[in-house]
Amino acid sequence: MYDAQIPQSAVDQTDIKFSARGVQVHYGDTHAIKNVDVDIADKTVTAFIGPSGCGKSTFLRCLNRMNDTIDVCRVAGDIRLDGVDIYDKRIDPVQLRARVGMVFQKPNPFPKSIYDNVAYGPRIHGLARNKAELDEIVENALRRGAIWNEVKDRLNAPGTGLSGGQQQRLCIARAVATEPEVLLMDEPCSALDPIATAQIEELIDELRRSYSLVIVTHSMQQAARVSQKTAFFHLGHLVEFGETGQIFTNPVDERTESYITGRIG
Amino acid sequence: MQETHIASAFDRDLEMIQAQIMKMGGLVEEAIIDAATSLETRDADLAETVRRRDKVIDNLELQINEEAARVIALRAPTARDLRLILSVIKISANLERIGDYAKNMAKRTGVLAGLAPVDESTSALRRMAREVERMLKDALDSYIQHDVDLAAEIILRDRDVDQMYNALFRELLTFMLEDPRSITSCMHLHFIAKNTERMGDHVTSIAEQVIYLVTGEMPDEARPKGDRTSTDAGLIP
Amino acid sequence: MTDTHDGGVARPSLIQPDTRTRRRNAAEARFRACGLAAVVIGLICLAGLLGAIVMNGAGAFQQTFIHLSVHLDPAKLDKKGNRDIEDIKKVSTFGYAPLVQAALLQAVQEHGIDTPLTRAKDLKHLISASAPAQVRDYVVANPDQIGTTVTFRVLASSRVDGYIKGRVTREDVARDKNISVEQLDLADALVDAGVIAKTFNTGFILGADASESRPEQAGIGVAMLGSFFMMLVVLGLSLPISVAASIYLEEFAPRNRLTDLIEVNISNLAAVPSIVYGILGLAVFIQFAHLPQSAPLVGGLVLTLMTLPTIIIATRASLKSVPPSIRDAALGVGASRMQSVLHHVLPLAMPGILTGTIIGLAQALGETAPLLLIGMMGYVATNYPGGLASGFLDPNSAMPAQIYEWAKRADPAYYERAWGGIIILMVFLLAMNIIAIILRRRFEQRW
């Protein structure tokens, strides 16, 4: 029973966006991520599944260096975005996060207007030269977030006045407004009701035509519905990584099968 | 009820499976007609073609099963969606068996081509095969259109097929009693007739699946069993 | 399955409370009663305090005035007749006093009041010593009015004022050098005649402090300005410094022992007695930096030091209360830590920061101990500051200091004024609290 290690020959034909080799993460004395190899492909939804505390969220936060904000967290190993090591000393994490967007578990719109929520990122990164361009960026983002029709008449209303599902779609629109290449989603539907969840999943299906998405979920049914590739984490190890249909009908590793059939948790 | 799921990929998966079932059904219909034609025209080549094409039908059944398993694993369908997938699995099994019977018919045709013809029976067989093929077509239509009434009608039509079989059975017995040299041919023809009658039963099974799919319950009236040959000793003149 | 009906202790009925429940209910009722009693006692004390303040201080807002028509005799005021301003200025208040007294005598005679006092000089003790100065100021400003008769509203003397208000009684007068019984009778008659009247005294609110002998003239206005300039200094310095320090400590400081040490010390500083800040101010600002003594600038600096810990603690609490999801969201969109704090965390922490600031300012407004050592306590604030710079740098007093001053003075009229000053101080505090509430509401609506 070995963990999934990726030999050079097995890399998939689709463009690889993120490639991680030998990633180790320590939280103080705890060894949270142990020697993880994974390839995140472009225009694909990759799901990270696994029981609580297995390290999937930790690994996700390594991809946009959000772990930098935690003092006791140390990241080792090679993580490359389009071939460039993102932990290189010359890389500015702030700029990295404009290219690798993130959506969080609990919808967290800024307590500003809907327009300002979406416009904030483009503003601080100087993506628009004038108000007209900014308006266009905001509208495009809201359309891509599948929420334009619901809010186009009230762009100045506060973002916190929307329902849970709408707020999460607003957060997704906010994340895509900075024209990222990769979208990281940390359990984006866990705070939402089933219909809102289904709408977000449909949105994820549309988004994968333009972006590479990585979604951490504690619901393996969600991973089954929404992803093309699935990575199963267990106790900090990456146990199996493969095509979603295959993982859910005939997984290779016994541990994966135990988790999926509900024998371990 | 809204026809489409919020997740459009689910709809696409279901449509693909439906398309595969229809494709399989078309192939099976074709196989029945060709087998019957080859029997009547004593065309050995056509028979051979039918036997080869059965492989495609078998592969389709494997594919459909795999797809259905995938949909169950990935989508966890419930209610009508679940019955749809379950009926797809059973219908594809029924279709595969019908295809096998058609292949068997073609195989025996090859043998019969070398023996003396037994005229009236082949045309009767052709009529029976025709009726079964029409039933199959209607069954597939009722599946696509979720038409319960049509399905119920098909179940009743099987009675005609059974009666045709009864008539053929008596006829063949008569032939065999009259002319012992025709026993080989008549035995083959009898097997063909039995297989055709079994085809009809499988089509009925498909129609029952359609009723289950739409209403959620298997039809409880006893399937009309018109085949009295196994119970009635008085058929022999 | 065992039979649950018999063979054990009978379950108590839900409808009948058992002993434990009754005891618990009784204990809870007692607790609630204690709480209510505490609130009631507090309210009674508060009512008592407010009542005492208002009753004692309301009198300060009214003052007795005398309406006089003074003939501006050119013979006394402009001997040369040139209307030369320099010559007119040469006539001091001593020259004006007889004119004013003569006017009062005339009013007495006009109304036909029967009194043993017949000479103008006898009426001296009825009029405030500030009256001649008031007339003189007018004449110097309008020299062309010399020769005419102008109506003035002058202050009555402090004793008359006390008598009209009921503070001074005839028995007290027997030992008093400043007033006699006949003068009091005359005052009564003049009140009936409408010459003397008690009206609202804006001079108390706006005017300058006066010497010990002229309580009728004393006002808190200049001290108010002193307090105002001090508050400007406190607000202008403590708010930015506190907010910047809090943001640094909360967001950017590394978690090591030095930071812990700083934080502990800030919390302790909030509890340091204010007089220690006074000594610090004396040593640093006055002796070392040689800033002017008694200046609102120095007072403001000392009070800033005192207010900083309060505002820092309040700011840190409100920064901590901003949910980390907002910071995460900002970082996720690609904001730097500075941007995330300035654009998102700070606006959300505003209500708490403002509340802390207003509390700190209100405390600073009422502080007297630090002012003791830098000289603002003994200072008699008689002059208005000339302009902005002099407002900060010229010696001045502050409201609490002024109140204390008045309470110290011998004249009972000052005692009344001390209470009045307290009322004004409390009005200020009330206004500041209302501003705080309004600002909080306004910021909270933006959520």
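Strand 6 of chain A pairs with strand 7 (residues 182-186) of chain A in the parallel sense, over four bridges. Within this pairing, G101(A) stands opposite L183(A) in strand 7 of chain A. The model is a predicted one.

**The sheet of chain A**

These strands belong to an open sheet of six strands in chain A, with mixed pairing and the order 6-7-8-3-9-10. Strand 6 and strand 10 of chain A stand at the edges. Each has a single partner strand, so one side of each is left without a neighbour in the sheet. From one strand to the next, the twist averages 15°. In general, strands of a sheet pair through backbone hydrogen bonds, either parallel or antiparallel.

A helix covers part of this sheet. Helix 1 (residues 56-63) of chain A lies across strand 3 (45-49), strand 6, strand 7, strand 8 and strand 9 of chain A. Helix 1 of chain A runs at about 150° to strand 8 of chain A.

**A buried loop residue**

T217(A) lies in the loop between strand 8 (212-216) and helix 8 (220-226) of chain A. Is T217(A) buried or exposed? T217(A) is buried, because 24 other C-beta atoms lie within 10 Å and the cut-off for burial is 20 or more. Leaving aside residues up to four places away in sequence, T217(A) touches A47(A), I49(A), E187(A), Q222(A) and A223(A). P158(A) is 59 residues from T217(A) along the chain, and their C-alpha atoms are separated by 29 Å.

**Positive phi**

Most residues other than glycine have a negative phi. Two loop residues with a positive value are set out here.

| Residue | Phi | Loop | C-beta neighbours within 10 Å | Class |
|---|---|---|---|---|
| L235(A) | near 50° | strand 9 (229-234) to strand 10 (237-243), chain A | 14 | partly exposed |
| H290(C) | near 55° | helix 12 (274-288) to helix 13 (296-320), chain C | 8 | exposed |

L235(A) thus sits in the loop between strand 9 and strand 10 of chain A, and strand 10 of chain A is an edge strand of the sheet. H290(C) is in a loop between two helices of chain C.

**Chain B**

Chain B has six helices and zero strands. Along the sequence the pattern is α-α-α-α-α-α. The radius of gyration of chain B is 19 Å, close to the 18 Å that the globule rule gives for 237 residues, so chain B is as compact as a globular protein of that length. The C-alpha trace of chain B spans about 70 × 40 × 20 Å along its principal axes. Of the 237 residues in chain B, 38% are buried. Contacts in chain B between residues at least 6 apart in sequence join residues at least 24 apart in 82% of cases.

**Interfaces of chain A**

How many residues does each chain give to the contact between chain B and chain A? Chain B gives 10 residues and chain A gives 12 residues. On the side of chain B, helix 1 (8-41) and helix 2 (44-75) are the elements that give two or more residues. Helix 2 of chain B has the largest share, five residues. By class, this side has seven nonpolar, one polar and two charged residues.

Chain A also meets chain C. Here 22 residues of chain A are in contact with 16 residues of chain C. On the side of chain A, the elements that give two or more residues are helix 2 (93-99), strand 6 (100-103), helix 3 (114-125) and helix 6 (164-176). The residues of this side divide into 10 nonpolar, eight polar and four charged. Strand 6 of chain A therefore takes part in the contact with chain C and stands at an edge of the sheet.

How values were computed: Residues numbered from 1 in each chain as written. Chains lettered and ligands numbered in written order. Predicted model: local features only at pLDDT ≥ 70, side-chain atom pairs only at ≥ 80, totals over all residues. Rg over C-alpha atoms; globule rule 2.2 N^0.38 Å. Buried ≥ 20, exposed ≤ 12 C-beta atoms within 10 Å, placed from the backbone. Contact = placed C-beta atoms within 7 Å. Nonpolar A, V, L, I, M, F, W, Y, C, P; charged D, E, K, R; others polar. Pairing = 2+ DSSP bridges. Axes fitted to C-alpha atoms, helices over the stretch in contact; angles between N-to-C directions.
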